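Visitor: Please show me the structure. I want to ask how each label is earned.

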Amino acid sequence: MQLTDYIAPLMQGAWVTVQLTLYSTVLGAMLAFASGIGKLSRNRAINAICVAYIELFRGTSLLVQLFWLYFALPLAGSAMGLDLRLPPVLAGVLALSLNIGAYGAEVVRGAIAAVHQDQREAARALNFTERQTLWDIVIPQAIPEMMPPFGNLAVQNLKDTALVSLISLGDLTFRAEQIRNYTQDSTTIYSMLLVMYFGMALVLTVMMRGLERYVTRWRRARS
Amino acid sequence: MLFGFEWDLSSPAAYAASILPILLIGMWVTIQATVIGFIVALVLGLVWAVLKAAPFRIISWPATVMTEFIRDTPLLVQLFFLYYVLPEYGIVLPAFMTGTLALGIQYSAYTSEVYRAGIEAVAKDQHEAARALNLTPARTFTHIVVPQAVPRIVPAMGNYLVSIMKDVPVLSVVTVLEMLNVAKIVGDRTFNYLVPLSMVGGLYLVMTLVASAGVRLLDGWLPKQGIPLK
């Protein structure tokens, strides 16, 4: 096996990693918004559910969550008479997005809480309903504040996708492991792997910067 | 049987009780790995911070690139790299040492930023005042900058301690017998993963809550204005 033969399987794996990152970041962002806004809710039940979710997933290890979903959930399901055996892709995406969503929720909550109180008072004076105030006044101003930490979380998520190779999902790390088992050429293969992850992280960072410019365009237009 | 403890599969409660001592042995390894990894991260992070602050580009630039590289690549891959590549160059370390080294290296990229931010947050007039009082740069650093930077650095470092704790299960891939790996082995032998893995989740919640409470306590105890010197 020659060096150039490594490229095709690694690219296959990289594509799986890209897909995993994309799905889990998008799903994680939705969870982050839902639970971050929910944590600010005055409804006790919604508030309790969101706090429990955030604390549970921030307080335990991602690998524990991943193993629990993949190895333990099917047993919990069969005890209740349900078939909860998840395919590795689903378990992986679910664990990654639940984990990153809990971290994102704190970012969303913090950014919403940081919007100036005067804005809410002005909206109230203009007879906006609470829902309108939240969606039309507060959140559009909070989103730009969320973007830099969201960028960090997206890179964090990309790095965390490497863990799904441990539940036999054919991502970049998994393919590299396969090649290493076959060729024993550890130095080359792991160096390539590190460089590929670094490259993907750089691309992701640039994309998140672009997204940040897009969601803050109203600030530049005004000044 | 594992570590000399038999398990009792008669009921979930009996099973949980019988494997608790086994998991606690794993938890002790997790705590050791966390502490050693944290110490490596603190020391190496300080080295990075000093190199990045160097007045010569030829030193500061490679240090900046290196920390970016470490920060943007997965811990798992770095661990594999150290575990499989170092022996090829004659450096053979026990799995536990390789694992804690990988943890320390990964987090040193984060802690170096904490040091930098903590030191830069000390106001510029403090430096000017120290200069006016004819303090040497070394004395300014040890007696003016450090006492004021420490209270800013401690809470952020505490958060990374908790993060390191949550990354320790990654070490299981190089055969370190930390808590998750022990639970997995128990599950492999009993065909019941639900109880041990759920217990690991619960024990992790306890560990992170205790660690966060400890960090908050330390943060409250440190004087916000800086540590007074005699």
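Guide: Start with two helices of chain A in this predicted model. From H1(A), A:Tyr6, A:Pro9, A:Leu10, A:Gln12, A:Gly13, A:Ala14 and A:Thr17 meet residues of H7(A). The H7(A) side consists of A:Leu172, A:Phe174, A:Arg175, A:Ala176 and A:Ile179.

Visitor: What makes these residues of H1(A) and H7(A) count as meeting?

Guide: The cut-off is a C-beta to C-beta distance within 7 Å. The listed residues of H1(A) meet those of H7(A) by that rule.

Visitor: How do the residues of the contact of H1(A) with H7(A) divide into nonpolar, polar and charged?

Guide: Eight are nonpolar, three polar and one charged. Gly counts as polar, so A:Gly13 falls in the polar group. Arg counts as charged, so A:Arg175 is the charged one.

Visitor: Why is H1(A) called roughly antiparallel to H7(A)?

Guide: H1 (residues 3-39) and H7 (residues 172-183) of chain A pack at an angle of about 155°. Angles over 145 degrees count as roughly antiparallel. The value is past that limit, so the label applies to H1(A) and H7(A). Their axes lie 7 Å apart.

Visitor: What makes helix H3 of chain B mostly covered?

Guide: H3(B) spans residues 75-85, and nine of its eleven residues are buried. Buried requires 20 or more other C-beta atoms within 10 Å of the residue's own. B:Leu75, B:Leu76, B:Val77, B:Gln78, B:Leu79, B:Phe80, B:Phe81, B:Leu82 and B:Tyr83 are buried.

Visitor: Which helices do the buried residues of H3(B) pack against?

Guide: In chain A, H7 and H8 (186-215). In chain B, H4 (95-120) and H6 (137-167).

Visitor: How many residues does each chain bring to the contact?

Guide: Chain B brings 29 residues and chain A brings 26. On the side of chain B that touches chain A, H3, H7 (179-190) and H8 (194-221) of chain B each supply at least two residues. H8(B) gives the most, with nine. That side of chain B divides into 19 nonpolar, six polar and four charged residues.

Visitor: What makes up the secondary structure of chain A?

Guide: Nine helices and zero strands. From the N terminus on, the elements run α-α-α-α-α-α-α-α-α.

Visitor: What part of chain A counts as buried?

Guide: 40% of its 223 residues. Among contacts in chain A with a separation of 6 or more, 76% join residues 24 or more positions apart. The C-alpha atoms of chain A fill a box of roughly 70 × 55 × 20 Å along the principal axes.

Technical notes. Residues are numbered from 1 along each chain as its sequence is written. Chains are lettered from A and ligands numbered from 1 in the order in which they are written. This is a predicted model: local features need pLDDT of at least 70, side-chain atom pairs count only at pLDDT 80 or more; totals for chains, interfaces and linings use all residues. Axes are lines fitted to C-alpha atoms, for helices over the stretch in contact, and angles run from 0 to 180 degrees between N-to-C directions. Helices (H or I, at least four residues) and strands (E, at least two) are DSSP runs, numbered from the N terminus. Angles under 35 degrees count as roughly parallel, over 145 as roughly antiparallel, 65 to 115 as roughly perpendicular and the rest as oblique. Two residues are in contact if their C-beta atoms, placed from the backbone, lie within 7 Å. A residue is buried if 20 or more other C-beta atoms lie within 10 Å of its own, exposed if 12 or fewer, and partly exposed in between; C-beta atoms are placed from the backbone.
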